[in-house]
Every structure is written in C-alpha cells, then in structure tokens.
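The following exercises practise the reading of a protein model. Each task is followed by a solution in steps.

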Amino acid sequence: VSGIVSAVGSIDAVHRAALAADSVIPSVAVVYGAVELESGAVSFVSNAPDVISPERAIKLAARAADHPLIEYSLAGNGNSENVVAISDLIKPDDFVASEFYSDCYSGTGIRDELRVPIPAPSGRTSALIFCRAEPGFTEQEREHARLIGTVVAGCEAPSIEIEALRAGRFT
C-alpha cells in the first residue's frame, strides 16, 4: 500500500506499484488493465509479461466482452465493492475447456482470476487482476484485494490531475 501511495504523481507508477500486491495475494501474474469497450484500446501493465504479454493483452481486449469477469461486470455487477473470481461464475474445468480460453489463455497455466474493479468512466472497464494456476481465493485475500483496489482508485485521480498539470493542459 505504501508503494502505491508513494507513486502518486504518475498514473503508470501507481499501476506498476499495485503489481507488487502478489506479495499479499499470491499469484502467477498480477495485471492492471483498462479497456475502452467501443474502440478496444488497451492500457495494460503486468508483473509477469511472460505469462500475460502485451500481445496477449491485445487479444484479450479484442474479446473482452467474452471474458467471464467482464461479461459479469457489463451485466451491471461490477461495482467497486464487487471483487469476483472466474471460479465464482464458472467451473474451472469449463473455463479451461472454453473456446475463449483456448484463444486467449492457452499456454499461460492460468485457471482462475480475481478481478478488482477500479472505478472508470462510462464505456471503459478498469481492474486489477490476480491470476492463479489453481482455482480459488480466500475471503481474506478478497478483502485484501478490495483494500488494494480502493488505494489504487484513490491514487489514480490525483495522479491523472498531476500528469495533466505537467502536460500544461490547465494553462
């Protein structure tokens, strides 16, 4: 948390600091991602680019509406308190057997993800995602994820404003 807070002033630094949360919630990869739903534009950072590469992130963004967690969020279930795992929505074996998994996740070893929504403007979905090789997240891990998400959201807004000031957008 202190790393995230100390990164205020750079939106990229806030997102990269959040990736260290795998020390609290063990994961094979932690991803901060945002997808513009209409255009498919992706903003993405990962602490494990060998697992979730930028190329894979683009492929995932192109199929964002097919992702079980984004589909759940788009159905109106993605408020900032709603931390949800793929294993809450679909059996892990069914997820791995899906065409979506084959197209986007094959070879990653990921079998479950915990999505922590970060408030974003309409038409955009933004989240911190903890990826695991084995399904399941404890209630304590979910609570930690909620807290980390709240800190990230609270640090994004001033970072966006500071970056805008540095760019001279307010002069």
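**Exercise 1.** Does Y105 count as buried or exposed?

*Solution.* The model is predicted: local features need pLDDT of at least 70, side-chain atom pairs count only at pLDDT 80 or more, and totals for chains, interfaces and linings use all residues. Residues are numbered from 1 along each chain as its sequence is written, and side-chain values use heavy atoms, with hydrogens and water left out.

Step 1. Recall the classes: buried means under 20% relative accessible area, exposed over 50%, and partly exposed in between, with a 1.4 Å probe and protein chains only.
Step 2. Apply them: Y105 has 1% relative accessibility and therefore counts as buried.

**Exercise 2.** Describe the geometry of the ring pair F95 and Y105.

*Solution.* Step 1. A pair of aromatic rings is described by the distance of the centres and the angle of the planes.
Step 2. Rings of Phe, Tyr and Trp (its six-membered ring) pair if their centres lie within 6.5 Å; planes under 30 degrees apart count as stacked, over 60 as edge-to-face and the rest as tilted.
Step 3. The centres of F95 and Y105 are 5.6 Å apart and the planes stand at 65 degrees, so this pair is edge-to-face.
Step 4. Locate the partners: F95 belongs to helix α6 (residues 92-97), while Y105 lies in the loop between α7 (99-104) and β4, 10 residues apart. Helices (H or I, at least four residues) and strands (E, at least two) are DSSP runs, numbered from the N terminus.
Step 5. Place the pair in its setting: F95, F100, Y101 and Y105 form one aromatic cluster, and the whole structure holds four aromatic pairs.

**Exercise 3.** Which elements supply at least two residues each to the largest nonpolar core?

*Solution.* Step 1. A nonpolar core is a set of buried Ala, Val, Leu, Ile, Met, Phe, Trp, Tyr and Cys residues joined through side-chain atoms within 4.5 Å.
Step 2. The largest core has 22 residues, of which Y32, L114, L128, F130, A145 and V152 touch the most other members.
Step 3. The elements that each supply at least two residues are α2 (11-18), β1 (29-36), β4 (112-117), β5 (124-132) and α8 (139-166). Helix α8 gives the most, with five residues.
Step 4. Apart from this core lies another of 18 residues, including V51, L60, C104 and Y105.

**Exercise 4.** Where is L19 placed, and which residues does L19 contact beyond four places in sequence?

*Solution.* Step 1. L19 sits in the loop between α2 and β1.
Step 2. Its relative accessible area is 6%, so L19 is buried.
Step 3. Contact means heavy atoms within 4.5 Å. Beyond its neighbours within four places, L19 is in contact with V30, V31, Y32, V45, S46, N47 and L128.
Step 4. For one of these partners, V31, the C-alpha to C-alpha distance from L19 is 6.6 Å, although the two are 12 residues apart in sequence.

**Exercise 5.** Which backbone oxygen does the side chain of R142 reach?

*Solution.* Step 1. R142 lies in helix α8 and is buried, with a relative accessible area of 8%.
Step 2. Its side chain reaches the backbone oxygen of F137 at 3.4 Å.
Step 3. Not counting residues up to four places away, R142 touches V83, V84, A85, D88, L114 and F137.

Definitions and conventions
Polar contact = N/O pair within 3.5 Å; in protein donor to acceptor, adjacent residues only side chain to side chain.
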